[in-house]
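These are my notes from going through the model, taken in the order in which I looked things up.

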Amino acid sequence: MFARTLVKRSGVPAMAMQQMTLRTARPLLFKATKPKQLFGDEVPNPPAVPQPPANRLKGSYHWMNERAVSLISVPLLATAFVYGSHPINDMLLGIVLPVHAYMGFQQVLLDYFEYRRWPMISRVLKGALVTITGLAMFGAWRINTTDVGLTAYFGRLWNANKTKKTE
Amino acid sequence: MYSVISKTRLPVARTLAACNARAFIATPMRERTEESQAAVAERARKNRPVSPNLGIYQPQMSWVLSGLHRNTGVLVAGGAYLYAAAFGLAPMFGLDLSSATVAATVASLPTPVLLGTKALIAGSLSFHCFNGIRHLWWDTGRSVSNQGVFKTGYAVIAATTLATGYLTFF
């Protein structure tokens, strides 16, 4: 799948293709050793544990996705608190915040109900998490469409007693 | 019955010979039960004391803020999940969760309850947000020293206090 570009770039044979390095603007804190150049018909050692195929949703990519979602939610929340209600902001909040919460809960589940120790409970809770996230995104969409929108809704509840006083 | 060793010169042998009888030394026998080894082990595991852990660990900037980050996150996210899911499913159960209705209910709550809840939500949300920014700051490799942890930690605490005070009362 990833054959062409990687082979052209590194000139390393097929088995080492699984090492996709993450390119960031800032140099990595810990230097990872690069695979040495192989001579002639040398073949790299097979991994002791079979390596899973590189997946843009797993491993270090998942870590980066987590940071990206967290980073996006900062300006979204800031806009909501400083500017106020805006339909596009509400729509984005209704997508980004459930995804962020999903990833956070996923980490909590991984910590306390890991699959190898709790095979049944972890599967049940994972399904429950997916369900409740879907329901929450649906609820957020419903607030945005049939009601005043996430930010204004929250604002109305938050300032409910204040509007009563001024009246 | 005379012991074979009574003729030796060893002091132990002489004492044994002097006793002229075999001393019966044994631990008291326990009652034989039908319990399997597994049941005994289970009972032992349940009644075994646990070494002191959270109760004696000195509260430190590192783990207290980290634990708070997770707890505030679960609190805010869990509450938001439940509320949003309830709003999504409201027509199915005939609930009216429109902003006007709920705002009226909230306004009718007694002030201490209202202020307490608002302080809790505002505190949790603002702490989680500011500590989240602190985590992202760390992820770029900055302030990952002991002093850095303390400095950023105090900054987060200060920001949280200010934000909670403002959001709760204004």
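**A loop serine in chain B.** I started with B:Ser143, which lies in the loop between helix H5 (111-139) and helix H6 (146-169) of chain B. I looked up its backbone and found a phi near 55°, a positive value in a residue other than glycine. I noted this since most residues other than glycine have a negative phi. Is B:Ser143 buried, partly exposed or exposed? I put B:Ser143 down as partly exposed because its relative accessible area is 29%, which falls between the limits of 20% and 50%.

**Confidence.** The model is predicted, and I checked how far the predictor trusts it. For chain B I read a mean pLDDT of 88, with 89% of the residues at 70 or more. Where in chain B is confidence lowest? I found the lowest mean, 64, in helix H1 (residues 11-19) of chain B. The highest mean in that chain, 96, belongs to H6(B). For the complex I wrote down an ipTM of 0.74 and a pTM of 0.73.

**Chain B as a whole.** I counted six helices and zero strands in chain B, and the order from the N terminus is α-α-α-α-α-α. Of the 170 residues in chain B, 26% are buried. I then took the contacts in chain B with a separation of 6 or more, and 63% of them join residues 24 or more positions apart. The accessible surface of chain B is about 12500 Å². Carbon and sulfur atoms hold 67% of that surface.

**The interface.** How many residues of each chain are in contact with the other? I have 36 residues on the side of chain B and 39 on the side of chain A. I also looked up the area buried between chain B and chain A, which is about 3100 Å², with 70% of it from carbon and sulfur atoms. On the side of chain B, the trio B:Arg70, B:Tyr81 and B:Phe87 supplies 24% of the area that this chain buries against chain A, more than any other three residues.

I next searched for salt bridges across the interface of chain B and chain A and got two. One I followed up is formed by B:Asp139 and A:Arg67, whose closest N and O atoms are 2.7 Å apart.

**An asparagine of chain A.** I turned to A:Asn161, which sits in helix H6 (residues 160-166) of chain A. Its relative accessible area is 14%, so I class A:Asn161 as buried, the limit being under 20%. What does A:Asn161 touch, leaving out residues up to four places away in sequence? I listed B:Ala107, B:Leu114 and B:Lys118. I also took the distance between the C-alpha atoms of A:Asn161 and A:Thr151, which are 10 residues apart along the chain, and got 17 Å.

**A nonpolar patch.** Last, I looked at the surface and found a nonpolar patch of about 590 Å². It is made by A:Phe81, A:Val82, A:Phe154, B:Leu75, B:Leu120 and B:Ile121. Which helices each supply at least two residues of the patch? I noted helix H2 (59-82) of chain A and H5 of chain B. From this set I picked A:Val82, which is in helix H2 of chain A. I entered A:Val82 as exposed because its relative accessibility is 72%, and the limit for exposed is over 50%.

Terms used:
Residues are numbered from 1 along each chain as its sequence is written. Chains are lettered from A and ligands numbered from 1 in the order in which they are written. This is a predicted model: local features need pLDDT of at least 70, side-chain atom pairs count only at pLDDT 80 or more; totals for chains, interfaces and linings use all residues. Side-chain values use heavy atoms; hydrogens and water are left out. Helices (H or I, at least four residues) and strands (E, at least two) are DSSP runs, numbered from the N terminus. Buried means under 20% relative accessible area, exposed over 50%, partly exposed in between (1.4 Å probe, protein chains only). pLDDT is the predictor's confidence in each residue, from 0 to 100. Patches are made of residues with over 30% relative accessible area and no salt bridge: like charges are joined within 9 Å, nonpolar side chains (Val, Leu, Ile, Met, Phe, Trp, Tyr) within 5 Å. Accessible areas come from the Shrake-Rupley method with a 1.4 Å probe; for residues, only the protein chains shown count as cover. A salt bridge is a side-chain nitrogen of Lys or Arg within 4 Å of a carboxyl oxygen of Asp or Glu. Contact means heavy atoms within 4.5 Å. Buried area is the accessible area (1.4 Å probe) that two parts lose on being put together, summed over both.
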